[in-house]
Amino acid sequence: MAGRKISIHDACRDIWDIVVIGAGVSGSIAAREAARLGSRVLLVDKAVFPRRKVCGCFLNANALATLAQLDLTHLLVAGDAPPVRGVFVSAGRRQAYLPLPTGAALSRHWLDVQLSDEAMAAGASLLLGTEVHLLDNDVERCRLRLICGDNDVEISTRIVVAADGLTGGIARETPGCTRVIQSHSRIGVSAATTFVPKGYKPGTIQMAIGRDGYVGSLQVEDGHIEIAASLDPAAIRRSGLGGTVQRILQQSALPRFEGVGELKWQGTPPLSCQTLPAAGHRIFFVGDAAGYIEPFTGEGMAWALASGASVAPIAHQAARNYSKDLPGRWIAERKRLLRGRMRLCRLVTRSLRNQRLTELNVTLLGHLPFLARPFILWLNRPHILTSVPR
Ligand SMILES: Cc1cc2nc3c(=O)[nH]c(=O)nc-3n(C[C@H](O)[C@H](O)[C@H](O)COP(=O)(O)OP(=O)(O)OC[C@H]3O[C@@H](n4cnc5c(N)ncnc54)[C@H](O)[C@@H]3O)c2cc1C
């Protein structure tokens, strides 16, 4: 039976099998897949949808393959998502064009509403505009606090899936778990603009790499351009968000945006962080809430989709018949899915901090773009979701 949007008072009438905290990419998929298995699922987000989210909005080929495995390709068609086939990289005045396996550009404003609707269609209940905190997790269940305006209530659930992203605090509230932030971690920022620079090529990511970070831009389905960046916190302190982005763009050979400094910039906490361990008693962390590294070309949503789908059967089993090995099973499954890919991205993003090396690499790739192909194909290879029930 299809689920529905519910109120905070409806939410406290029941003991839930699974409460998913955060209706971003990983949370909505986890809620959908767990509901399909038969769990009674509540999906909660503190935001009211539709909402903007700091993201470059590029779904890479791996993300598209996971959406296909989950029978969700129709979302790309319905959203009129433009195909994306390559990335222009510029470091200083050096440039390279690297073809990518076909991905798509879709705003989070649109995508996240559709994914939470899909979770409801599978039977999950949806509660928006409500912030969740973990009160405790005892032998039998977890107690959560829900806050929506003046309403402040407690609910119980057998299992929590924490999909609360980089900004969420559930990891810090979970006994035995810590959120580890890597030193020298950069900050994520993004803004939308309707200004399309002369010479801007739709269907490609434009990426400018500078000393203080890198800035990507991509035109999404409704024609606006999402500008997203990973920035050095010291540079932000000196020049502000817009000022830092503008300087990196100006130093590149890419088409110029007007009014970058005046756009409405949104930021994230430090990007490179990890929740250790990625599961606690009756609590499983997914997506960015489990761990993230700097974005590169579309890995974040691909990993969030795959881990959301993969946590669902484990959370479902835990709700039915909890056993102490299940947190360990999730940690092992997440490692199998992501560890190698995260290592490669960490290496790439670290090497981008050396401007001279980056300029050399971009010069080389400008002449011999095929050298990047093995890495690009390896990162974009589809996840094998052993546990997706169909
Ligand atoms: C600058 C930048 C650019 C990026 N560009 C790309 C890109 O082009 N392609 C790509 O694939 N990835 C990109 N990413 C990464 C991508 O955005 C994330 O990896 C992805 O959104 C992770 O999804 P998630 O579901 O784990 O978390 P999120 O999408 O962040 O969702 C978390 C949700 O939890 C909610 N929440 C938080 N706390 C609470 C609470 N206490 N109670 C209730 N709700 C709560 C939030 O409101 C939010 O809706 C980028 C990231 C950054 C920072």
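The exercises below, each with a worked solution, concern a predicted model.

**Exercise 1. The shell around the ligand**

Find how many residues surround the ligand, which are the closest, and which elements give two or more residues to the shell.

Solution. Start with the count: the ligand is surrounded by 42 residues. The closest of them are Gly-24, Gly-165, Gly-188, Gly-287 and Gly-300. Next, assign the shell to elements. Two or more residues are given by helix 2 (25–37), strand 7 (131–137), strand 11 (187–193), strand 14 (225–231) and helix 8 (299–320). Helix 8 provides the largest share, 4 residues. Finally, sort by residue class: 21 residues of the shell are nonpolar, 15 are polar and 6 are charged.

**Exercise 2. The open sheet**

Give the strand order of the open sheet of 8 strands, and explain why strand 3 and strand 15 each have one side without a neighbour in the sheet.

Solution. The order is 3-5-4-12-13-14-11-15, with mixed pairing. Strand 3 (58–59) and strand 15 (266–270) stand at the edges and each has a single partner strand, so one side of each lacks a neighbour in the sheet. Now add the helix that packs on this sheet. Helix 10 (residues 355–367) touches strand 4 (83–91), strand 5 (94–105) and strand 12 (204–210). The direction of helix 10 makes about 75 degrees with that of strand 5. For one pair within the sheet, take strand 13 (residues 213–219) and strand 14, which are antiparallel and share 7 bridges. Here Ser-217 stands opposite Ile-227 of strand 14.

**Exercise 3. From strand 7 to strand 18**

Trace the pairings that link strand 7, strand 8, strand 9 and strand 18, and state the sense of each.

Solution. Step one: strand 7 and strand 8 (residues 142–148) run antiparallel and are joined by 6 bridges. They form a hairpin with 4 residues between them, and Val-132 stands opposite Leu-146 in strand 8.

Step two: strand 8 pairs with strand 9 in the antiparallel sense over 7 bridges. Arg-145 has Glu-154 in strand 9 as its bridge partner. This hairpin has 2 residues between the strands, and Gly-149 in it takes a positive phi near 60 degrees.

Step three: strand 9 and strand 18 (residues 283–285) pair in the parallel sense over 3 bridges. Val-161 has Phe-284 in strand 18 as its bridge partner.

A further partner of strand 9 remains. Strand 1 (residues 15–21) runs parallel to strand 9 (residues 151–162), with 6 bridges joining them. Val-20 stands opposite Val-161 in strand 9.

**Exercise 4. Helix 3**

Decide how far helix 3 (residues 61–69) is enclosed, and name what its buried residues pack against.

Solution. Of the 9 residues of helix 3, 7 are buried, so the helix is largely enclosed by the rest of the structure. The buried residues are Ala-61, Asn-62, Ala-63, Leu-64, Ala-65, Thr-66 and Leu-67. They pack against strand 3, helix 4 (74–78), strand 5, helix 8 and helix 11 (373–380). After helix 3 comes Asp-71, with a positive phi near 55 degrees.

**Exercise 5. Lys-46**

Determine whether Lys-46 is buried or exposed, and list its contacts beyond four places in sequence.

Solution. First locate the residue: Lys-46 lies in the loop between strand 2 (41–44) and strand 3. A residue counts as buried if 20 or more other C-beta atoms lie within 10 Å of its own. Lys-46 has 20 such atoms within 10 Å, so Lys-46 is buried. Leaving aside neighbours within four places in sequence, its contacts are Thr-130 and Glu-131.

Note on methods. Residues numbered from 1 in each chain as written. Predicted model: local features only at pLDDT ≥ 70, side-chain atom pairs only at ≥ 80, totals over all residues. Near = placed C-beta within 6 Å. Nonpolar A, V, L, I, M, F, W, Y, C, P; charged D, E, K, R; others polar. Pairing = 2+ DSSP bridges. Contact = placed C-beta atoms within 7 Å. Axes fitted to C-alpha atoms, helices over the stretch in contact; angles between N-to-C directions. Buried ≥ 20, exposed ≤ 12 C-beta atoms within 10 Å, placed from the backbone.
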